[in-house]
Amino acid sequence: VVDPSQLGDILARIHRDLAPLTAKGKPATYIPELAKVDPSRFGIAVALIDGTVHTVGDAAEPFSIQSISKIFGLTLALGRVGEGLWARVGREPSGSRFNSIVQLEQEHGRPRNPFINAGAIVVTDVIAEGHEPRETLGELVTFVRFLSGAADIVIDSAVAASEKSTGHANFALAHFLKAHGNLTGAPERVLGVYFHQCALAMSCAQLARAGLFLASAGRNPVTRYTIVSPLRARRINALMMSCGLYDASGDFAFRVGLPAKSGVGGGILAIVPGVGTIAVWSPGLDATGSSLVGTLALEQLAAAMNWSVFSG
Ligand code: GLN
């Protein structure tokens, strides 16, 4: 394992080498508000379990975390209903796009996993059940503030409204789930919570800190609060490895070798179990909807630091 004192130099080199490539990816446009973000923004933050955070570039600027929020929603839902969640959502990679509906019909309304949109909508239904939407959103915001130690994290309501106005594919998924009896709440209500959850705005540094419990057997190594059991942390990491990058999860495991979750805002949170976390942000996406330069940055950083869950 490479000495962490070299991290600063390695991050600076990766940022310098990859910054010219940020123009190659395409920012998401199906959520109009995301298309307004400057595509040359690029940040990396590494949080180590000793509590230190190493950053380069735009690592302190909040961006729309989008599907990375599915990690936090899943963690809360498992806390709410435990293993019962798996009666409603599967644990297999989908091999399909993140918002695909085809498989959902073939498999009678049970989404393949909690990280594709259909699965995350069911997860949102679980945490929203029995609560007013604002209570559920309050719980989510409180949770990510607690995890990251950043009291100023908020939901960008302009992004949420923007997604609602164009979110027809997600409305289709939610109604389809409802038709199959796999949604308790009204589709509009569940999606209201889902869109706002996706619109959480966080910086790379905040995200890296928020993910630390997954690198440390379920316990935040900085605050020492237990968030989930060691077994649950391991299982969430396993799901991130197999499903976190949608139909690119296999390729990502091959290239990077770390559990990770991407979002269409251009962020990716990766976990290095026992070591720390990496959050990257570059808005330009590849064809599967994950950050192009962010993936390259993770590939280079993991190689330089010799970080992989597959190395002996
Ligand atoms: N809010 C987005 C959607 O539902 C999240 C997708 C993503 O980040 N991959 O389409």
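These legends accompany close-up views of a predicted model of one protein chain.

**Figure 1. Overall fold of the protein chain, with 13 helices and eight strands.** The radius of gyration is 18 Å, close to the 20 Å that the globule rule gives for 312 residues, so the chain is as compact as a globular protein of that length. Along the principal axes, the C-alpha atoms fill a box of roughly 55 × 40 × 35 Å. Of the 312 residues, 55% count as buried. Contacts between residues at least 6 apart in sequence join residues at least 24 apart in 68% of cases.

**Figure 2. Surface and charges of the protein chain.** The chain exposes about 12300 Å², and carbon and sulfur atoms supply 55% of that area. There are 26 positive and 25 negative charges, and the mean positions of the two sets are 3 Å apart.

**Figure 3. Strand β7, residues 267-272, and its surroundings.** Six of the six residues of β7 are buried, so the strand is largely enclosed by the rest of the structure. In a regular strand the side chains alternate between the two faces of the sheet. In β7, G267, L269 and I271 point one way, while I268, A270 and V272 point the other way. Residues in both sets are buried.

**Figure 4. Pairing of β7 with β6 and with β8.** Strand β6 (residues 260-262) pairs with β7 in the antiparallel sense over three bridges. Strand β8 (residues 276-281) also pairs with β7 in the antiparallel sense, over six bridges. A270 of β7 can be used to locate both pairings: its bridge partner on the β6 side is A260, and in β8 it stands opposite I278.

**Figure 5. The turns on either side of β7.** β6 and β7 form a hairpin with four residues between them. In that turn, G266 has a positive phi of about 100°. The hairpin of β7 and β8 has three residues between the strands, and here G274 takes a positive phi near 80°.

**Figure 6. The hairpin of β1 and β2.** Strand β1 (residues 43-48) and strand β2 (residues 53-57) pair in the antiparallel sense over five bridges. The bridge partner of G43 in β2 is G57. Four residues lie between the two strands, and G51 in the turn has a positive phi of about 95°.

**Figure 7. The open sheet of three strands, in the order β3-β5-β4.** The pairing in this sheet is antiparallel. β3 (63-64) and β4 (154-155) stand at the edges, each with a single partner strand, so one side of each is left without a neighbour in the sheet. Two bridges join β4 to strand β5 (residues 200-202). In this pairing V154 stands opposite A201 of β5.

**Figure 8. Two residues of helix α5, G138 and S148.** Helix α5 spans residues 133-148 and includes G138. G138 has 30% relative accessibility and counts as partly exposed. The C-alpha atoms of G138 and V154 are separated by 9.8 Å, with the two residues 16 apart along the chain. S148, also found in α5, has 5% relative accessibility and counts as buried. Leaving aside residues up to four places away in sequence, S148 touches I153, Q206, R209 and A210.

**Figure 9. Contacts of I121 in helix α4.** Helix α4 comprises residues 117-128. At 0% relative accessibility, I121 counts as buried. Not counting residues up to four places away in sequence, I121 touches N170, L173, A174, L177, L183, V190, L191 and Y194. C204 is 83 residues from I121 in sequence, and their C-alpha atoms are 25 Å apart in space.

**Figure 10. D3 and M305.** D3 lies in the segment before α1 (7-18). Its relative accessibility is 42%, so D3 counts as partly exposed. D3 and M305 are 302 residues apart along the chain, and their C-alpha atoms are separated by 8.0 Å.

Definitions and conventions:
Residues are numbered from 1 along each chain as its sequence is written. This is a predicted model: local features need pLDDT of at least 70, side-chain atom pairs count only at pLDDT 80 or more; totals for chains, interfaces and linings use all residues. Side-chain values use heavy atoms; hydrogens and water are left out. The radius of gyration is taken over C-alpha atoms; the globule rule is 2.2 Å times the number of residues to the power 0.38. Buried means under 20% relative accessible area, exposed over 50%, partly exposed in between (1.4 Å probe, protein chains only). Contact means heavy atoms within 4.5 Å. Accessible areas come from the Shrake-Rupley method with a 1.4 Å probe; for residues, only the protein chains shown count as cover. Lys and Arg count as positive and Asp and Glu as negative; His and the chain ends are not counted. The place of a charge is taken as NZ of Lys, CZ of Arg, CG of Asp or CD of Glu. Two strands pair if DSSP finds at least two bridges between them.
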